[in-house]
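This report describes the fold, one sheet, the principal pocket and one residue of a protein chain. The sequence and structure are shown first, and the sections follow in that order.

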Amino acid sequence: MEHIDHADDDRVRASDDERERTAERVRAAVAEGRIDLAELDQRLTDVYRAKTRADLRLVGSDLPEPSGQGDLVTGRKPASGFAMAMFGGFARKGAWVVPPVFTSLSLFGGGRIDLREARFTRQETRIRAFALWGGTKILVPDDIHVEVKGLGLFGVFGRRGGDAGAPGAPRVVVTGLALFGGVVTRIRSRRSRPRP
């Protein structure tokens, strides 16, 4: 493997994912009172104009990592990215590591995805849930962000519970299809803080 020193790394072009992580640090800094709204606007402009990693480092060099990321985002190996219930059921719960994309299929069966003790491999996780004549329940802790945008066709694809998410916390996007079935995302209080 070829060694890349810090100067070479600074010249590497920034990715969209790296820009979004830096933008999240800036937004968290506003929520914590570290910078004001005028500075937020300027810094976000700088983030999205950044061409290299060095440009991004300059924008966020004086800001801490978002508070939710240190505890909930891990570098550990994730669990499997697929679960299926066919004439039966599945459950993903407890202290598990969620992959960047997790797909579930409930076909004449039921599934339960519980994120209340989970840790994440990325700041944004996508859950693709498909319920065909079956159902899937997704439990999301109230300290992370969640967005639900699936389709219910002769079924239900929705969210129950209040708005979730602390500044800098991971984000879960739930997509998919409920056909003669249901995919319901519920906001619940966290059982306990995930172990490192």
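## Overall fold

Among contacts in the protein chain between residues at least 6 apart in sequence, 67% join residues at least 24 apart. The model under discussion is a predicted one. Its secondary structure comprises five helices and 13 strands. The protein chain has 196 residues, and 43% of them count as buried.

## The five-stranded sheet

Five strands form an open sheet with parallel pairing, in the order E2-E5-E8-E13-E11. The edges are occupied by strand E2 (89-92) and strand E11 (156-160), each of which pairs on one side only. On average, neighbouring strands of this sheet are turned by 10 degrees against each other, with direction ignored.

Within this order, E5 is followed by E8. Strand E5 covers residues 110-114 and strand E8 covers residues 135-141; the two pair in the parallel sense over five bridges. In this pairing, Gly110 stands opposite Gly135 in E8. As a general point, strands of a sheet pair through backbone hydrogen bonds, either parallel or antiparallel.

## The largest pocket

The largest pocket has a volume of about 340 Å³. Its lining consists of 16 residues, and those nearest the centre are Asp17, Glu20, Gln123, Glu124 and Arg171. Two elements give two or more residues to this lining, namely helix H2 (16-31) and strand E7 (124-132). Helix H2 gives the most, with six residues.

The composition of the lining can also be given by class. The lining of the largest pocket has 10 charged residues, together with three polar and three nonpolar ones.

## The environment of Ser106

Ser106 is placed in strand E4, which spans residues 101-107. Is this residue, Ser106, buried or exposed? Its relative accessible area is 0%, and because buried means under 20% relative accessible area, Ser106 is classed as buried.

Which residues does Ser106 touch, not counting residues up to four places away in sequence? They are Ala85, Phe90, Gly111, Phe130, Ala131, Leu132, Gly134, Gly135 and Thr136. Several of these contacts can be placed in elements already described. Phe90 falls within strand E2 (89-92), an edge strand of the sheet, while Gly111 belongs to strand E5 (residues 110-114) and Gly135 and Thr136 to strand E8 (residues 135-141). Phe130, Ala131 and Leu132 lie in strand E7 (124-132), one of the elements that line the largest pocket.

Note on methods: Residues numbered from 1 in each chain as written. Predicted model: local features only at pLDDT ≥ 70, side-chain atom pairs only at ≥ 80, totals over all residues. Heavy atoms only, no water. Pairing = 2+ DSSP bridges. Helix = DSSP H or I, 4+ residues; strand = E, 2+ residues; numbered from the N terminus. Axes fitted to C-alpha atoms, helices over the stretch in contact; angles between N-to-C directions. 1 Å grid on protein atoms, 1.4 Å probe; cavity = no way out; pocket = protein on both sides within 12 Å on 5 of 7 lines; lining within 4 Å. Points joined across faces, edges and corners; volume = space filled by probe spheres on them. Nonpolar A, V, L, I, M, F, W, Y, C, P; charged D, E, K, R; others polar. Buried < 20%, exposed > 50% of the residue type's maximum accessible area, 1.4 Å probe, protein only. Contact = heavy atoms within 4.5 Å.
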